[in-house]
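Load the model in a viewer and keep the selection tool at hand. The stops below go from charged pairs to strands and then to a helix.

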Amino acid sequence: MANPGYGKRSAPDQLRRGKDDFAHLPPREAAIAAYIDRLPEGADISVKTLAKTLPYGQCALRTALNRLQNAGHLRRGRERLDSEGTGPRWITRSWFSRTARDDGWWASFARGDTPEPSPKPTRTRAHILLAALGRKTPALSLSAADCTNLAPLLTEWFARGATEDAILRALTDGLPNPIHHPAALIRRRLTDKLPPEPVHTPPRRILQCAKCDVLGRPEALPGGMCRACRGEQSPWQGPAPLPAPAVRARAGEIRAAMSARKHTPVPG
């Protein structure tokens with residue numbers, strides 16, 4: 001595993017794992033991608049660490065990872081984390097996606113526009129929790145119909161990030177005695193104590209070139225490579241410089257023109 005905060009991070013909204021996930025890749029790259037795909041979150045996927053486990057040298061692994069990046073399965077960059085104790089800091093990230101993504105998708109991901117993975121259905125989870133209340137607190141025993149009617153209210157709690165322990169405390173702490181209508185009491189508590197909606201803070205991410213590590217906007221790194229490493233001329237660069245003989249010839253022409261101008265009589 002990598003140091004805390006570093007290592008592999010899975011991209012959101014990937015398709016379910018299948019036998020043909022990496023069939024479009026060459027055999028070596030497909031084998032490496034399948035290996036990385038099965039590693040846990042936070043696993044060290046640096047070239048040196050992979051070389052200790054896989055039957056490939058560091059040069060071969062570096063080339064393979066660049067090809068995985070070019071195929072849309074991998075991006076490397078940095079992400080800003082804000083901590084109350086240490087303040088903001090930039091963390092190196094390696095994002096891996098079993099599902100190949102194009103440059104536009106990775107650009108949206110870097111901006112934080114990509115939706116998070118769809119949450120698993122919480123209706124069944126809510127129904128189970130409500131049905132289990134009676135085992136912990138007999139006075140809150142509910143019927144199957146009560147659980148069905150109250151489950152949508154509890155589902156909203158889960159959608160807002162509430163844990164089961166927090167929900168149980170909200171429903172069972174400070175109960176009156178006796179409880180005449182448990183379903184009505186639970187409905188009131190689920191409504192009155194509903195936690196606020198979480199504040200979504202867009203992530204701060206920046207990608208870097210896989211070859212020279214230069215940082216840049218995702219739009220400037222198609223395939224995870226900068227223009228220079230792709231061998232393309234930057235738009236702000238001018239035309240290629242003239243060869244030395246051409247420069248000397250041009251300078252001679254300029255000097256001759258200036259000399260001729262000096263000896264040209266000025267009209268009276």
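**Charged pairs**

Begin by selecting R17, D37 and R98, which are linked in a network of salt bridges. A salt bridge here is a side-chain nitrogen of Lys or Arg within 4 Å of a carboxyl oxygen of Asp or Glu. The model is predicted, so local features need pLDDT of at least 70 and side-chain atom pairs count only at pLDDT 80 or more, while totals for chains, interfaces and linings use all residues. Residues are numbered from 1 along each chain as its sequence is written, and side-chain values use heavy atoms, with hydrogens and water left out.

How many salt bridges does the structure hold? There are twelve. For one of them, select R75 and D103, whose side chains meet at 2.8 Å, N to O. R75 belongs to strand 2 and D103 to helix 4 (residues 103-111), so this pair ties together parts that are 28 residues apart in sequence. Helices (H or I, at least four residues) and strands (E, at least two) are DSSP runs, numbered from the N terminus.

Now colour by relative accessible area: buried means under 20%, exposed over 50%, and partly exposed in between (1.4 Å probe, protein chains only). R75 counts as buried, at 2% relative accessibility, whereas D103 is partly exposed at 33%.

Next select R160 with E156 and E197. The side chains of R160 and E156 form a salt bridge at 2.8 Å, N to O; E156 is partly exposed, at 31% relative accessibility. R160 also forms a salt bridge with E197, with the closest N and O atoms 3.5 Å apart. R160 and E197 link distant parts of the chain, 37 residues apart: R160 is in the loop between helix 6 (144-159) and helix 7, and E197 is in the loop between helix 8 (182-192) and strand 4 (204-208). At 57% relative accessibility, E197 counts as exposed.

**Strands**

Select strand 3 (residues 89-96) together with strand 1 (residues 8-10); they pair in the parallel sense over three bridges. Two strands pair if DSSP finds at least two bridges between them. Which residue of strand 3 is the bridge partner of S10? The partner is F96.

Add strand 2 (residues 74-81), which pairs with strand 3 in the antiparallel sense over eight bridges. Label R80 here: opposite this residue, in strand 3, stands W90.

**Helix 7**

Finish with helix 7 (residues 164-172), where I167, A170, L171 and T172 are buried. After helix 7 comes G174, with a positive phi near 65°.
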